[in-house]
Amino acid sequence: MSDNHEHEHMHEHTHEHTHEHGHDHDHAHAHGHGHEHPHSQMVVNRLAKATGHLQSVKRMVENGRDCSEVLIQLSAVIAALNNAGKLILEDHIETCIVEAVQSNDQQPIEDLKKAIEQFVK
């Protein structure tokens, strides 16, 4: 069952974008570690939306739109990417790290520490 909520926002310049909140556990896909990541489809969807939004921000710059508007829209793209990263992190902890702890494998934990260091810069 999906606990997913979408909110659409219209800004003064009539640029529309969507934010998703919640969790959707209906789409699970396996990857190279041999276990499923419950949020994979949500991550893909959010990245696709962020890509489209970033393209519209690029057009805003090309069209000479107000810098303040561009910065506000760019911050929305950054927030969308950060939210996708949070979902990836949640999946990774719930699957890969749990598996690593159960098998006493420290390497995935060390890799996660390095990834977090890069992600939060």
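## Salt bridges and surfaces in a predicted model

Glu 62 and Lys 58 are joined by a salt bridge, with their closest N and O atoms 3.3 Å apart. Let's begin with this pair and then look around the rest of the protein. Keep in mind as you read that the model is predicted.

Both partners sit in helix H1, and because they are 4 residues apart there, about one helical turn separates Glu 62 from Lys 58. How open are they to the surroundings? Glu 62 counts as exposed, at 52% relative accessibility, whereas Lys 58, at 45%, counts as partly exposed.

How many salt bridges does the structure hold? There are 3 salt bridges, and the table sets them out.

| Salt bridge | N to O distance |
|---|---|
| Glu 62 and Lys 58 | 3.3 Å |
| Arg 65 and Glu 69 | 2.8 Å |
| Glu 110 and Lys 113 | 3.4 Å |

In the bridge between Arg 65 and Glu 69, it is the side chains that meet. Arg 65 has 31% relative accessibility and counts as partly exposed. Its partner Glu 69 also counts as partly exposed, at 24%. Farther along the sequence, Glu 110 and Lys 113 both belong to helix H3, which covers residues 107–119. These two are 3 residues apart, or about one turn of the helix. Glu 110 has a relative accessible area of 34%, so this residue is partly exposed.

Now for the overall plan. The protein has 3 helices and 4 strands. In what pattern do they follow one another along the sequence? The pattern reads β-β-β-β-α-α-α, with the strands before the helices. Of the 121 residues, 26% count as buried. The accessible surface comes to about 8,100 Å², and carbon and sulfur atoms account for 56% of that area. Contacts can also link distant parts of the sequence: among those between residues at least 6 apart, 44% join residues at least 24 apart.

One part of the surface is a nonpolar patch of about 350 Å². Which residues make this patch? They are Leu 54, Leu 71, Leu 74 and Ile 78. Helix H2, spanning residues 67–102, supplies the largest share of the patch, with 3 residues. Ile 78 is found in helix H2, and its relative accessible area of 45% makes this residue partly exposed.

Next, consider two cysteines. Is Cys 67 buried or exposed? Cys 67 counts as exposed because its relative accessibility is 59%. Cys 96, by contrast, has a relative accessibility of 7% and so counts as buried. A disulfide is a covalent bond between the sulfur atoms of two cysteines. A search of the whole structure finds 0 disulfides.

Finally, how confident is the prediction? The protein averages a pLDDT of 78, and 71% of the residues score at least 70. Where is confidence highest, and where is it lowest? Helix H1, residues 40–62, has the highest mean, at 95, while strand S3, residues 29–30, has the lowest, at 37. Over residues 1–32, pLDDT stays under 50. For that stretch the model has 76 contacts beyond four places in sequence. Where pLDDT is low, the predicted coordinates should not be read in detail. The opening salt bridge, between Glu 62 and Lys 58, lies in helix H1, the element where confidence is highest.

Note on methods
Residues are numbered from 1 along each chain as its sequence is written. This is a predicted model: local features need pLDDT of at least 70, side-chain atom pairs count only at pLDDT 80 or more; totals for chains, interfaces and linings use all residues. Side-chain values use heavy atoms; hydrogens and water are left out. Buried means under 20% relative accessible area, exposed over 50%, partly exposed in between (1.4 Å probe, protein chains only). Contact means heavy atoms within 4.5 Å. Accessible areas come from the Shrake-Rupley method with a 1.4 Å probe; for residues, only the protein chains shown count as cover. A disulfide is a pair of cysteine sulfur atoms within 2.5 Å. Patches are made of residues with over 30% relative accessible area and no salt bridge: like charges are joined within 9 Å, nonpolar side chains (Val, Leu, Ile, Met, Phe, Trp, Tyr) within 5 Å. A salt bridge is a side-chain nitrogen of Lys or Arg within 4 Å of a carboxyl oxygen of Asp or Glu. pLDDT is the predictor's confidence in each residue, from 0 to 100.
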